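User: I am new to this structure and would like to learn how to read it. Could you walk me through it step by step?

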Amino acid sequence: MYCLLLDSSNKYLSVGLSKDGKAFDSIFYEAWQRQSEVMVSEIENILKRNNISKSEIEAIVVGIGPGSYTGVRIAITIAKTIAYALKIKVYKVSSLSLLRIDDAPTICVFNARSGRSYFGVYKGNEVIKEDSVEANEVLLKYISEHKDYKLSGDLANIGLTSEKFDIIKNLALGVNDKNLVSNIFMLNPTYLKDLTK
């Protein structure tokens, strides 16, 4: 089964293809505030270079946030449009979960601006800490209390560096019953409520 993989929730543009749960091609680069301009053409590019027609795509895996308000909506809108046109399945995954590193406990982080970060903690498909938005001081405290966890994502704003992550590989792993969207018209982005004052 060919599957189209999409995420535009943060500064990265992620477009990939997988077959039977294994990613085999990807387009991945920083495209901050340009995802809406390039995502559709990059989907066309990746299909063309693999000689795959749209009709051969049987499912889409899409990152639903949290992340940039506009960025999150781009991949979801494109996924819904393609799925509706082709009458195929859509699977949704947390965009933070896409930063996890293999089966190691991983603190996954996106910059939420204004001294805040989105973060969640994942170990493979297990959620250790649900996605949330917190003051950077809270995140740094959590990191200091979990020194054995790996760090992944957008960490420059808190003065740390990320280990290597693979968003496309993790998107390909998103095909499972718990992620299946039963009604694509009800698929909405995840916008986390800002609990900091």
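**Reading the model**

Analyst: Let us start with one residue: Asn-45 is partly exposed, at a relative accessible area of 39%. Here buried means under 20% relative accessible area, exposed over 50%, and partly exposed in between, with a 1.4 Å probe and protein chains only. Asn-45 is found in helix α1. This is a predicted model, where local features need pLDDT of at least 70 and side-chain atom pairs count only at pLDDT 80 or more, while totals for chains, interfaces and linings use all residues. Residues are numbered from 1 along each chain as its sequence is written, and side-chain values use heavy atoms, with hydrogens and water left out.

User: How are the helices and strands named, and what is the order of strands in the open sheet?

Analyst: Helices (H or I, at least four residues) and strands (E, at least two) are DSSP runs, numbered from the N terminus. Two strands pair if DSSP finds at least two bridges between them. Here the open sheet of 5 strands reads β3-β2-β1-β4-β5, with mixed pairing. β3 (22-30) and β5 stand at the edges with a single partner strand each, so one side of each has no neighbour in the sheet. Further in, β1 and β4 run parallel and are joined by 5 bridges; Leu-6 stands opposite Val-62 in β4.

User: What span should helix α2 have?

Analyst: The expected span is 1.5 Å times one less than the number of residues. For the 18 residues of α2 (residues 69-86) that gives 26 Å, and the end C-alpha atoms are 27 Å apart, which agrees. Among the buried residues of α2 are Gly-71, Val-72 and Ile-74. Their cover includes β1 (2-7), α1 (35-49), β4 (57-63) and β5 (89-93).

User: Which residues have the most contacts inside the largest nonpolar core?

Analyst: A nonpolar core is a set of buried Ala, Val, Leu, Ile, Met, Phe, Trp, Tyr and Cys residues joined through side-chain atoms within 4.5 Å. The largest one has 29 residues, and those with the most contacts inside it are Leu-4, Leu-6, Val-15, Met-39, Ile-43 and Val-62. α2 gives the most to this core, with 7 residues.

User: How many disulfides are there?

Analyst: A disulfide is a covalent bond between the sulfur atoms of two cysteines. Counting pairs of cysteine sulfur atoms within 2.5 Å, the total is 0 disulfides. Cys-3 is buried, with a relative accessible area of 1%, and Cys-108 is buried, at 0%.

Key: Contact means heavy atoms within 4.5 Å.
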